[in-house]
Amino acid sequence: MTREAIDEFRRFQRDKEVNSQLYSKLTVRGKVQVKSSDIQVGDLIIVEKNQRIPSDMVFLRTSEKAGSCFIRTDQLDGETDWKLKVAVSCTQRLPALGDLFSISAYVYAQKPQMDIHSFEGTFTREDSDPPVHESLSIENTLWASTVVASGTVIGVVIYTGKETRSVMNTSNPKNKVGLLDLELNRLTKALFLALVALSVVMVTLQGFVGPWYRNLFRFLLLFSYIIPISLRVNLDMGKAVYGWMMMKDENIPGTVVRTSTIPEELGRLVYLLTDKTGTLTQNEMVFKRLHLGTVSYGADTMDEIQSHVRDSYSQMQSQAGGNNTGSTPPRKAQSSAPKVRKSVSSRIHEAVKAIVLCHNVTPVYESRAGVTGETEFAEADQDFSDENRTYQASSPDEVALVQWTESVGLTLVSRDLTSMQLKTPSGQVLSFCILQLFPFTSESKRMGIIVRDESTAEITFYMKGADVAMSPIVQYNDWLEEECGNMAREGLRTLVVAKKALTEEQYQDFESRYTQAKLSMHDRSLKVAAVVESLEREMELLCLTGVEDQLQADVRPTLEMLRNAGIKIWMLTGDKLETATCIAKSSHLVSRTQDIHIFRQVTNRGEAHLELNAFRRKHDCALVISGDSLEVCLKYYEHEFVELACQCPAVVCCRCSPTQKAHIVTLLQQHTGRRTCAIGDGGNDVSMIQAADCGIGIEGKEGKQASLAADFSIRQFRHIGRLLMVHGRNSYKRSAALGQFVMHRGLIISTMQAVFSSVFYFASVPLYQGFLMVGYATIYTMFPVFSLVLDQDVKPEMAMLYPELYKDLTKGRSLSFKTFLIWVLISIYQGGILMYGALVLFESEFVHVVAISFTALILTELLMVALTVRTWHWLMVVAEFLSLGCYVSSLAFLNEYFDVAFITTVAFLWKVSAITVVSCLPLYVLKYLRRKLSPPSYCKLAS
């Protein structure tokens, strides 16, 4: 209780700290400081760079010139890339900050929802003529728990407290109880029933004489040792020891056990649900491969590309120097020029130029002067030096591409909404005007940009995207599909880059149609897409790029080990379908020989039915499904879907919201009844970690939220192997042995009492008085019994080498009604032998029965511990001899129970030895025969 109270108090302090953070609120009288807990809907809040956004807001204006800013959303959706947000143009255009109070406007927002990827609302300014209506979408919102990455932003609060997206996506944590504890509880209930039954039998055999109900209660008290009261204490101490061992294990440094009540769960897991970004991958993108169709460049041949780029620019400069540079160069109609096979050098130059122009990346310069406040506006005198340049983008892939072009000599030095500047290897700056930008969407799977070269006035349409989207658009070729397949097998994320030259007339015609489509009220997105598609025809294929998202250390062997251990692995990620499939292949979550069934997008019951039937026909293939389709399937065909998915060797769910992750965990628990484990590293994994039977958090780049909410916190994904195979195994096996032994200890003495009472005409007289009973459960037998927590059946190296041993644990055979009944029979046999032996061998006085039987009982217990132990530890030997020493030395003081003169005789020694041998020897023989005839799997390996 005290331990939990302290935990609660610490949580309370952490919450208080977050709620009392100060923010600037804009009022008519200027800025006022308010606590984040006092912010209300309708407040205008100013959030500085690197400050956490306190509540859900609509983005009104920013200090950035472009009218947009970047935010970090890693605690909301687990993605570490930055998201671009755009201010409402009506308020961004106002000359000064104070003008926000001089206009009459209102925001309409939809009712609070859980979906973090969508928002619908409108902004209306009434005091202008005509009134201005602006539609608000997800790009105009700033959700709580995200962090401002550039500039200062001002927003109007629309949702607070429990209505914010981040709070609606977290679930209340539940108290976790281990499976072993539930099983032991069941056995304790069975023992209680046995106690009542035994007492009733005794009273019945007495013949209900006199005040029988009084006798019934006396028997209940006499046999109360059947109920193992010390079981909880022993187990809790055991759990504390297991936790200490995990934290002290040098092979998995930095492991923290936050919930000490469920270490045995680690040995019973069947489903492991893992996050992708930051858990399996490091979320660091590296450019690996450039393929031009005839020639491919890898990491070791990048210097060739560098020299080609340098050469082509030095040639261009010398040509430009030859012409008279004053006049504009003549326009050449590209479409009519004959197609000449280009040299490799010019093709590389074209490809690199396309990569450095076609993206949504902004270079940012950290001002080195320590002046804050004015940094955003002092752009003119900023130095474009390489040391303090960083790139911002909504996708780490794009940053990797632009960083690569910088390494081969073509550098992106600045960018705003209308223009872009590049620096050539010789230091010359080229300017390009951005005419149109078509952003990446999950439907189109591609992005495009139309730029005009300021020096030559050429207009080019560049495009890059996934191979499925791009292959119908580019001109016919015979290598694209094959090379994409090759790169995907290496675990690279592929992008196809293409271009198309446009004449001025072609562009003007396109622009007028595009503007018209953007203004239409009905089916706007369809019409816009149709206009853009008119350009996307017969594009010239430039190159294929491969970027690698580096996996965490030893992910492949760890996943392999877990699969061999019979654990089914599900990957739940907020990332795109292509990326998720790619990582599933490269991490060997899906083995090379397996097929992957990609579940089509379904929106209604009929489609879901057809798609499930198609999936049912496939055998032994991995399933990839998106969050939306999953929702539809679970809505109509929950049972069927879970049943099919559980048969798959691996399942990948992409585009999952935090709540969906937790929902999948609870579904698996309900439908399969097996133990689940969730592992993640971001704030978006907290719900899943708390819902699982056993939650593991990784301290990662995305902060400590997951590791603080988890039951076990580790540093790297690979540590999970040892945590489960070694510590999980030992915790479960030891607790099972300890629990059953404590029950045996109570049963054996109750059996002796029952035999004793039966022999003496069912008298309700205790066999052992006062201190003997207390000493029996504590000082005489406690140390050896508790030393079972040091026992291990397999060496750690063995358990790691043969993960197949883990499969046996999930069947729960170490503690079951079968093993429990075996222990009950052993207790009855031994109790009977000890008591009858003592009664047969006692001569004159009753005192000797107590002395002989009690000494034999203590010896039997010590020998039984020795019989149960599988691997001896020096502390076990110490415990055995310590207990024996305690007993022998206490005999001198217990003269009210024992006749000291009789104890020292030879007769006493041989009688005790005889009884002990009869009670223990048959068990040793049986154990030896069983080991020889049907040895357990770990013995076969050990030999």
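**Entry 1: nonpolar patch**

I looked up which element gives the most to the nonpolar surface patch, and I found α29, with four residues. The model I am reading is a predicted one. The patch covers about 810 Å² and is made by Phe771, Val774, Ile779, Met782, Phe783, Trp874, Leu875, Val878 and Leu882. I noted that the elements giving two or more residues to this patch are α23 (770–777), α24 (782–786) and α29 (874–891). I then turned to Trp874, which is found in helix α29. Trp874 has a relative accessible area of 60% and therefore counts as exposed, the cut-off being over 50%.

**Entry 2: strand β25**

I asked how many residues of strand β25 are buried. For β25 (residues 540–551) the count is nine of the 12, so the strand is largely enclosed by the rest of the structure. I next listed its pairings. Strand β15 (residues 281–291) pairs with β25 in the antiparallel sense over seven bridges, and I found His291 opposite Leu544 of β25. Strand β24 (residues 492–502) also pairs with β25 in the antiparallel sense, over eight bridges. There, Thr494 has Gly546 of β25 as its bridge partner.

**Entry 3: six-stranded sheet**

I traced an open sheet of six strands with antiparallel pairing, in the order β2-β1-β3-β12-β4-β10. Its edge strands are β2 (30–35) and β10 (141–142), each of which pairs on one side only. At the β10 edge, I recorded two bridges to strand β4 (residues 56–62), in the antiparallel sense. Val58 stands opposite Thr141 in β10.

**Entry 4: salt bridges**

I recorded a count of 28 salt bridges and examined three of them individually.

I began with Lys176 and Asp711, whose closest N and O atoms are 2.7 Å apart. Lys176 lies in the loop between α4 (165–168) and α5 (179–206), and Asp711 in the loop between α21 (705–709) and β32 (712–714), so this pair ties together parts 535 residues apart in sequence. I found both Lys176 and Asp711 buried.

I went on to Arg452 and Glu504, which form a salt bridge with the closest N and O atoms 3.1 Å apart. Because Arg452 lies in strand β22 (residues 446–453) and Glu504 in helix α13 (residues 504–519), the pair ties together parts that are 52 residues apart in sequence. Arg452 is partly exposed, with a relative accessible area of 23%; Glu504 is also partly exposed, at 25%.

I then took up Asp793 and Arg729, whose salt bridge has its closest N and O atoms 3.0 Å apart. This pair links distant parts of the chain, 64 residues apart: Asp793 is in the loop between α24 and α25 (796–801), and Arg729 is in helix α22 (residues 719–759). Asp793 counts as buried at 10% relative accessibility, and Arg729 is buried at 4%.

Finally, I noted a network in which salt bridges with shared partners join Asp181, Arg232, Asp236, Lys239 and Glu264.

**Entry 5: Gln660**

I asked whether Gln660 is buried or exposed. Its relative accessibility is 10%, and because buried means under 20%, I entered Gln660 as buried. Gln660 has its place in helix α19 (residues 658–672). Leaving aside its neighbours within four places in sequence, I listed its contacts as Gly627, Asp628, Glu631 and Arg655. With Glu631, the side chain of Gln660 makes a side-chain polar contact of 3.5 Å.

Notes
Residues numbered from 1 in each chain as written. Predicted model: local features only at pLDDT ≥ 70, side-chain atom pairs only at ≥ 80, totals over all residues. Heavy atoms only, no water. Buried < 20%, exposed > 50% of the residue type's maximum accessible area, 1.4 Å probe, protein only. Polar contact = N/O pair within 3.5 Å; in protein donor to acceptor, adjacent residues only side chain to side chain. Contact = heavy atoms within 4.5 Å. Patch = residues over 30% accessible without salt bridge, like charges linked within 9 Å, V, L, I, M, F, W, Y side chains within 5 Å. Areas by Shrake-Rupley, 256 points an atom, 1.4 Å probe, with all protein chains shown as cover. Salt bridge = Lys/Arg side-chain N within 4 Å of Asp/Glu carboxyl O. Pairing = 2+ DSSP bridges.
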